[in-house]
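Trainee: I have the model open now. Can we talk it through together?

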4 protein chains.
Amino acid sequence: MDSKLTTPIALEDATELLKRKYELVRKHTEAICKPLAIEDYVVQPVADVSPPKWHLGHSTWFFENFVLQPYFKNYQVFDPHYNFVFNSYYESVGARVIRTDRGNLSRPSVADIYRYREYVDHHMSLLFDSGTITSKLLPLLELGLNHEQQHQELLYTDIKYILSHNPLFPAYTEAKIFEDRAYQTAQMLHFPEGVYEIGFQGEGFCFDNELGRHKVFLHDFQIAETPVTNAEYLEFIEAGGYNDFLFWHSEGWDWVKQQKAYAPLYWHWIDGRWMNYTLAGLTTIAMDEAVCHINFYEASAYAAWKEMRLPTEAEWEIAAPHLDWGQRWEWTESAYLPYPGFKKAAGAIGEYNGKFMVNQMVLRGSSVATPIGHARQTYRNFFHPKHQWQFSGLRLAK
Amino acid sequence: MDSKLTTPIALEDATELLKRKYELVRKHTEAICKPLAIEDYVVQPVADVSPPKWHLGHSTWFFENFVLQPYFKNYQVFDPHYNFVFNSYYESVGARVIRTDRGNLSRPSVADIYRYREYVDHHMSLLFDSGTITSKLLPLLELGLNHEQQHQELLYTDIKYILSHNPLFPAYTEAKIFEDRAYQTAQMLHFPEGVYEIGFQGEGFCFDNELGRHKVFLHDFQIAETPVTNAEYLEFIEAGGYNDFLFWHSEGWDWVKQQKAYAPLYWHWIDGRWMNYTLAGLTTIAMDEAVCHINFYEASAYAAWKEMRLPTEAEWEIAAPHLDWGQRWEWTESAYLPYPGFKKAAGAIGEYNGKFMVNQMVLRGSSVATPIGHARQTYRNFFHPKHQWQFSGLRLAK
Amino acid sequence: MDSKLTTPIALEDATELLKRKYELVRKHTEAICKPLAIEDYVVQPVADVSPPKWHLGHSTWFFENFVLQPYFKNYQVFDPHYNFVFNSYYESVGARVIRTDRGNLSRPSVADIYRYREYVDHHMSLLFDSGTITSKLLPLLELGLNHEQQHQELLYTDIKYILSHNPLFPAYTEAKIFEDRAYQTAQMLHFPEGVYEIGFQGEGFCFDNELGRHKVFLHDFQIAETPVTNAEYLEFIEAGGYNDFLFWHSEGWDWVKQQKAYAPLYWHWIDGRWMNYTLAGLTTIAMDEAVCHINFYEASAYAAWKEMRLPTEAEWEIAAPHLDWGQRWEWTESAYLPYPGFKKAAGAIGEYNGKFMVNQMVLRGSSVATPIGHARQTYRNFFHPKHQWQFSGLRLAK
Amino acid sequence: MDSKLTTPIALEDATELLKRKYELVRKHTEAICKPLAIEDYVVQPVADVSPPKWHLGHSTWFFENFVLQPYFKNYQVFDPHYNFVFNSYYESVGARVIRTDRGNLSRPSVADIYRYREYVDHHMSLLFDSGTITSKLLPLLELGLNHEQQHQELLYTDIKYILSHNPLFPAYTEAKIFEDRAYQTAQMLHFPEGVYEIGFQGEGFCFDNELGRHKVFLHDFQIAETPVTNAEYLEFIEAGGYNDFLFWHSEGWDWVKQQKAYAPLYWHWIDGRWMNYTLAGLTTIAMDEAVCHINFYEASAYAAWKEMRLPTEAEWEIAAPHLDWGQRWEWTESAYLPYPGFKKAAGAIGEYNGKFMVNQMVLRGSSVATPIGHARQTYRNFFHPKHQWQFSGLRLAK
């Protein structure tokens, strides 16, 4: 984690702004959970999906552990066992519940966790008002809020997974919560070869993995203005794309065979037609929307079938001002690796990003489920190539 | 399943009695769940432990599926998906949720399931009052209630497992719910060799696996009047019993090494002393109570260390009138096999017991968690030799 | 292990006889391996099947470890590492190569192992001629030879498995090596109820698990004079026996589904007809021979389909003088448990049988692959219910 | 696969040269296997290590399947089953033995496979002399030989693994077969930022993944002239490097804990000192030689501990003319991804490289086990980050 909050505004104003942002972000997390039954907060169908109550506790633990404990004088932890339960992967901060066990814990209860949130929010409020916040602390607070926003999107993806893996196919809400755009076949945009610059620069928050800004040489390339649609992806399915290994990575083909994969994650072939599980329940497929819930193997196989490829993350970032993006996290052909000059922060916070820089692929953009204001053109999201449960799609390049 | 309810009392009286029993049994199931938080109903830490809400639904499904659907005219099922969710292992009755998935289902919610129970109870009440119950139906109703009583004990064992596998060690209730007796070193009782009879006979309910009564030849044997105590078992631990393979079955020794087993299931060595997780939370060990939560391998190794053995189930049954039993399910040296002349019932009910007659060991008696009136001297309980989570102990023989 | 060699003949004559038997048995083991290529000695396709070279080494290690080391003065072990490589499961005698790793060891080479056999045979010969053999030692030598005979049968079963699991289906030998009898539909023999005696008695060798002779009460029963044939088993297959769970144990049904089982182990449905892999290669099925290579689940399901059952081991032993047996190891309905009064021998030899007395079923009789003179009516063979790779079949009872 | 053999020399001369190279390469493969016992050819201790006899057959199958079948008129395959046994991963060419099963096949025997090699070599010789070889065929022949050279190195790595995982620690040969250089602490070489070119260019053979030559922008960097030595790596071990997660990727730390890793693959801590299994058996560690048999996680953790990093593959290639390389395959910080403009060849040969371009890291250079003349500065080797069994080490950069 790092940041560039070299604010020209006064410290007290910056603190005040952040306090307000803190309140909004924290409330939004709880708003996402509003439609859930208590039972929905608890289960963990697969290791990568966490129970909603864990997200609520973990994002709170972040503030308790990294902010209140070191910076709030004489702070009493809410419950000393919670570090064990809500630590996700910070090896520096003691034992943690292994990920696959999260769904086995009925306690702390949901009510306990909301009390925990209230307790921490109350102390955060006191801290914000205490006059003890220094400019050095602001970036850490920003990080905590961005961290919580990441978990807001994970709440959507994990809730969707949990409800979808229930034979009753319950809806999360009947309300329309995301704005999905309609697309036609994409125009290809041309960019000439040359030395470009990528990476974060300027004021405002960014993650450590976006730093520092640096030069890259790009050969001339073309990139689609808009993402691949459901209609286009369906052509791939109907052309037998899931049955021909020539389009797939070797690992991808193993995945297809093992999972008996034949379509994006939430597509179901029921009574002779394609249905799509959405947060509003089972529906028909909106053909002109961007394809969603595909993994890197699928994105890459589709591109191979189109005799094109995925863009690299540098190409994506250079082209971004000209692209229609923000509907789907877009798989790129770039592995998640350190930028030249990447530096880990000191201490446990330094574990935030660097230690994942192996065997993951970069996704760029943001999705309908990403909190407003969270993403930017230099943002580097990353997941293992096999994962489908994010709001992930693709854009073609050549 | 089978039964011997050749009641001399009038059908209407028998029906009335059973209706009353139905109400009591069903209420007791819910009373067991009273102290639970909603979240406790949902989780499944290991495959053999079912979520409490599943027990509530499954025992209800039994009445809906086997009683109401065939015998209540124009009965409308509460929800057609529930057969899929709450069928446990009746292959005859359609697809079922595989056992390890039970903990991934947040829906139906706990409230849904209580509504389901109410709906089924209401229709059962109508059925009882309808005048259509025949003497042929009574055994099936008895079976349903005995089935539910089995799940009452499983509720206790599964709730205990769920709460114990939480780093917070929450108590189920502070109240004392079981009556544990205190024991001294056991007296050995002698029985002469001869032809004896075992198996169920007479009136009242029994399971199919207790039939028919038959002769066995027993050589003379000795059997302890009382079960092995915690104090006695602790001697085995302190003598290095878990470190010497000579006392163990080959499979048992593999289990010890793989699980790094060193004590009964809920014993913890904390800060230099033995603690015991109970439904009232972590406590010290009551040394004069019967040892509990050991598996067959442990029971057998303890007996080998004492240079004795476990009784066979026939020895146990013959000696039972002279024994102090009822505190722990007692592992025997008998595998769970059909009695001579065992017959499966026709249809799905025939799956009740016979299909488990391989690779399981018989336990005799009953435990503090067994519903009053459920057990009898001819009762044959059975579990895989590795299981510790039942209220299981042992009694020595030679 | 135990024995009843209370020989009335002189010690030197007994020793002389045993020396001769030693030579014959040891030579026969090597004769079994004669047709093998070096490569065939090495592989281990599944954990339960050992490489032939391991059998050659292990049976030799038995004599080196239990006879030569304690009883041959100043004996030098052939190679101190061999204890580690060739110990099978004697926990008392140091570390051992875990079973699944046997197929990963290219050394010691086959030639090394034959040198090892020669070295041990030479020292055994010297021991036999030394005049130091006492009557106390004779039972141990008998045990070593019976142990080696058990591995002779395992050599056949394991070689068959190894060659059968090769896409080239190589033959072990073109020669006819086993005498298979032809059968018609079996006659049922009747036995009246009463107290009978089973277990070994008299002179000659037996394993510890056959002792001591004891009384059992049997209800009247019927048992087939001859085993079930391939033709009869084929009817079960054609009647859909592998598709109807009602005939199967719960575990057995899981096995069917997981293995996609549809026939005995070495049957293949090729180009519209049933073929059978035998030690002479792929052949058509001899319909009037006893069905072979089925596991307990299959044997039991077949019997259920015939509305009969498997005999208990006591029934089998009482009926044996009147039965045509010796073609197949016959699954019984008896779990492998200690006889009343069973005692383990002291020391590592005591691990021979007792520690396997859980989760296995008894097989009675012997098979075409059993060395002549090895089996007897009281012999108790045992395997896990899932195993098909022995020469195992069944006989009906009711 | 692709190539640049735009030879100015006459076709007949080129053919003659390639024939000679064919003979030398094929003989060298067999020379590597000379010291093996038959048994060593057969085993497969882990999925990634293939039995030597499989390498011998597979490299031969390549010529039979891709050269003789399409280009030798009326060619009769040696054995139609061999395609099933020796196909490695070419999905286009029919069913194949799954990788983990290779060690279960005792047949074809080693002698069979040598006969197969002789048969194919004979027909290749006839083909070379037939006058039918066209300039279009030459690149395919070159590919076959380069493919076989890759398997020559794999023979060394796999033989080493097989012999090392035997409790007898047998030596492959007492002779010194590799020339290991001695190193001091490395000098750091400086390179200025700028646009560079990497990728293969010019005449001679290269793999498809090295094409086409393209521009990259490099920021200024430093790179060590020589690789990290055993002495230097030992400092990392002694400083507790394997106990501090801060140096490791998250996946790497999981690997350390799961494998209980504490040193390079063949290092053993025996009787208070470090020993190293080599092809000549167990020896002490040559401290001034380059560290070997470490995986990407270890290489990366070492670099982090030194507060440096691994070079990218572009940095390595630019610096290569100034580096002392060729002792170890050197892990880079670059994931194995397609170069700009990468194109797969048509057909099964197109499966050669492209389909592995996910979840693997690039290694540059070559090792003591690489056949002479096989490697070049643009060569891109690749393995999963967890693999240690290659002759892999590292070089520092910053």
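Trainee: What rotation and what shift along its axis superpose chain C on chain B?
Mentor: A rotation of 180° with 0.0 Å of shift along its axis does so, at an RMSD of 0.0 Å, with the fit made by least squares on C-alpha atoms of residues with pLDDT of at least 70 in both copies. That is the relation of a two-fold axis.

Trainee: And what should I keep in mind about the numbers and labels?
Mentor: This is a predicted model, in which local features need pLDDT of at least 70 and side-chain atom pairs count only at pLDDT 80 or more, while totals for chains, interfaces and linings use all residues. Residues are numbered from 1 along each chain as its sequence is written, chains are lettered from A and ligands numbered from 1 in the order written, and side-chain values use heavy atoms, leaving out hydrogens and water.

Trainee: Switching topic, how many residues does each of chain D and chain A bring to their contact?
Mentor: Chain D brings 38 residues and chain A brings 38 residues, where contact means heavy atoms within 4.5 Å.

Trainee: Which side chains meet in a salt bridge there?
Mentor: The rule, a side-chain nitrogen of Lys or Arg within 4 Å of a carboxyl oxygen of Asp or Glu, finds 2 salt bridges across the interface of chain D and chain A; one of the pairs is Glu193(A) with Lys215(D), at 3.3 Å from N to O.

Trainee: What is the strand order in the open sheet of chain C?
Mentor: The order is S5-S6-S7, with antiparallel pairing of the 3 strands; strands are DSSP runs of E, at least two residues long, numbered from the N terminus, and two of them pair if DSSP finds at least two bridges between them. Strand S5 (267-270) and strand S7 (281-284) of chain C stand at the edges with a single partner strand each, so one side of each has no neighbour in the sheet.

Methods: Helices (H or I, at least four residues) and strands (E, at least two) are DSSP runs, numbered from the N terminus.
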